Amino acid sequence: MVNSLHRPPPVLHSARVLEYALLDKSVSYSGHSSVFVDGQELGPVPCLAVCQSLDDDAILLLHCTVDWSVLGVVEYSSVAEAKNRTEHIYRGSSKLWIETHTTPQEAAQDLETIHDEPQCRFCGKGTNEIEQLVSKNHANICDLCITEFHQMLHDHSEVKN
């Protein structure tokens with residue numbers, strides 16, 4: 001039986017958690033995750049979650065910390081593809097997947113609870129973690145993401161020149 005402290009919440013990264021894996025010593029990391037964050041390969045993580053986006057039903061593999069903070073996300077066409085690819089990166093992980101049995105209704109309820117506090121649609125940070133949140137057409141973006149996107153645009157325009 002998995003300790004409820006290790007269980008992910010019903011919703012991560014605006015996606016319903018379908019299955020999760022707590023990677024232990026029985027799993028060997030291949031040395032490459034093929035997941036890049038800020039230009040750096042992510043490397044091994046302790047927790048994984050296969051989720052279904054609440055927006056468009058996309059299947060997402062979330063690479064997470066032990067407290068389920070999302071470090072990286074990869075989209076797949078199916079749950080089977082996500083788990084198969086994961087087995088290549090984390091050998092032995094296929095036997096660790098646990099179904100959550102979270103219904104779409106439970107996920108929607110959880111999301112409503114989470115969204116009582118406005119959050120950035122891009123990074124998921126709440127108002128207590130940021131300086132400013134800009135909202136338009138029911139979408140929110142924080143000052144940190146705006147700064148990051150501005151830098152990306154600036155870097156891209158320098159490359160073109």
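**Exercise 1. Find how many disulfides the structure holds, and check cysteine 47 and cysteine 123.**

Solution. The structure holds 0 disulfides, where a disulfide is a pair of cysteine sulfur atoms within 2.5 Å. This is a predicted model, in which local features need pLDDT of at least 70 and side-chain atom pairs count only at pLDDT 80 or more, while totals for chains, interfaces and linings use all residues. Residues are numbered from 1 along each chain as its sequence is written, and side-chain values use heavy atoms, leaving out hydrogens and water.

Step 1: start with cysteine 47. Its closest cysteine sulfur belongs to cysteine 64 and lies 6.8 Å away, too far for a bond.

Step 2: turn to cysteine 123. The nearest cysteine sulfur, in cysteine 145, is 3.8 Å away, and cysteine 123 is in no disulfide.

**Exercise 2. Decide whether cysteine 47 and cysteine 123 are buried or partly exposed.**

Solution. Step 1: recall the cut-offs: buried is under 20% relative accessible area, exposed is over 50%, and partly exposed is in between (1.4 Å probe, protein chains only).

Step 2: apply them. Cysteine 47 has a relative accessible area of 4%, so this residue is buried. Cysteine 123 has 30% relative accessibility, so that residue counts as partly exposed.

**Exercise 3. Locate phenylalanine 149 and describe its exposure.**

Solution. Step 1: look in helix H3, residues 143–160, where phenylalanine 149 has its place. Helices are DSSP runs (H or I, at least four residues) and so are strands (E, at least two), numbered from the N terminus.

Step 2: phenylalanine 149 counts as partly exposed because its relative accessibility is 30%.
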